[in-house]
Amino acid sequence: MSKSNAAAKPFFQVRQLTLAGLMTAVICILAPLSLQIPVSPVPVSLGFLAIYFAVSVLGMKLGTLSVVIYILLGLAGLPVFTGFTGGPGKLFGPTGGYIIGYLFMAPICGFFIDKWGDKLLLSFAGMILGSAVCYLFGTVWLAYQGSYTFPQALAAGVLPFIPADLIKMVVAVTIGRQLRRRLHKAGLLLS
């Protein structure tokens, strides 16, 4: 074994995995909190806020890792999805496309945060783009599962949520940027 192989850095360090685990816990606490609204089969939840916050604090790699772990915990049956539900039935049910969309939303938002985190408008642009991709997955899945047309699914599963999701972006970026700076300053979060 050569010296270069022995000294190879692990992909994630222990402190990074710890931060990802803590952020997974935050997602697991916030995402199940939801409120069913009469105009939609999709509940209002804090899931998007949790994802925005995870990537605002941890960036693309660790934020996405947190989301993957969250989804795997829910798939295994832990009650971490909206309404404190879990399991394959929820993930593959009518609103499961939004949960699957998190897998694309997190790296898109995180990429923009990593690349242009000091530029607020570009950070928001990344969150809007990531949300649009998540909305697309959720809308297509809701249309298929709920026997809606695409415009009906869009009207029921996306349009009522846009104003609240914009507010969630502002909250997540405002708090997340401050926490990210403090973690960097403390040497707990590497670039």
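Which residues lie nearest the centre of the largest cavity? In this predicted model, the answer is Val42, Pro43, Ser45, Phe48 and Tyr102, which belong to a lining of 19 residues. The cavity count itself is short work: one cavity of 30 Å³ or more turns up, and the volume of the largest cavity comes to about 240 Å³.

As for where the wall comes from, several elements chip in. Strand β2 (44-45) and the helices α3 (47-75), α5 (96-116) and α8 (162-185) each supply at least two residues of the lining of the largest cavity. Sorted by class, that lining holds eleven nonpolar residues, along with five polar and three charged ones.

Two of these wall-building helices, α3 and α8, also turn up in the helix packing. Take α3 to begin with. Helix α2 (residues 14-30) packs against α3 at an angle of about 75 degrees, and the two axes sit 8 Å apart. Because angles of 65 to 115 degrees count as roughly perpendicular, α2 is roughly perpendicular to α3. The contact of α2 with α3 is made up of 20 nonpolar and three polar residues, with no charged residues at all.

Then there is α8. Here the partner is helix α6 (residues 120-146), which packs with α8 at an angle of about 135 degrees, with 11 Å between the axes. That angle makes α6 oblique to α8, and the crossing of the pair is right-handed. On the α6 side, the contact is made by Leu120, Phe124, Met127, Ile128, Ser131 and Tyr135. Facing them from α8 are Ile162, Asp165, Leu166, Met169, Val170, Val173 and Arg177. By class, the contact of α6 with α8 comes out as ten nonpolar residues, one polar and two charged.

Away from the helix pairs, a couple of loop residues deserve a mention for their backbone. Phe84 is not a glycine, yet its phi is positive, at about 55 degrees; this residue is found in the loop between α3 and α4 (88-91). Ser147 likewise has a positive phi of about 55 degrees without being a glycine. The spot for Ser147 is the loop between α6 and α7 (150-157).

Put together, α3 helps line the largest cavity and packs with α2, while α8 contributes to that lining too and packs with α6.

Notes:
Residues numbered from 1 in each chain as written. Predicted model: local features only at pLDDT ≥ 70, side-chain atom pairs only at ≥ 80, totals over all residues. Heavy atoms only, no water. 1 Å grid on protein atoms, 1.4 Å probe; cavity = no way out; pocket = protein on both sides within 12 Å on 5 of 7 lines; lining within 4 Å. Points joined across faces, edges and corners; volume = space filled by probe spheres on them. Helix = DSSP H or I, 4+ residues; strand = E, 2+ residues; numbered from the N terminus. Nonpolar A, V, L, I, M, F, W, Y, C, P; charged D, E, K, R; others polar. Axes fitted to C-alpha atoms, helices over the stretch in contact; angles between N-to-C directions. Parallel < 35°, antiparallel > 145°, perpendicular 65-115°, else oblique. Left-handed = near helix turned anticlockwise from the far one by under 90°. Contact = heavy atoms within 4.5 Å.
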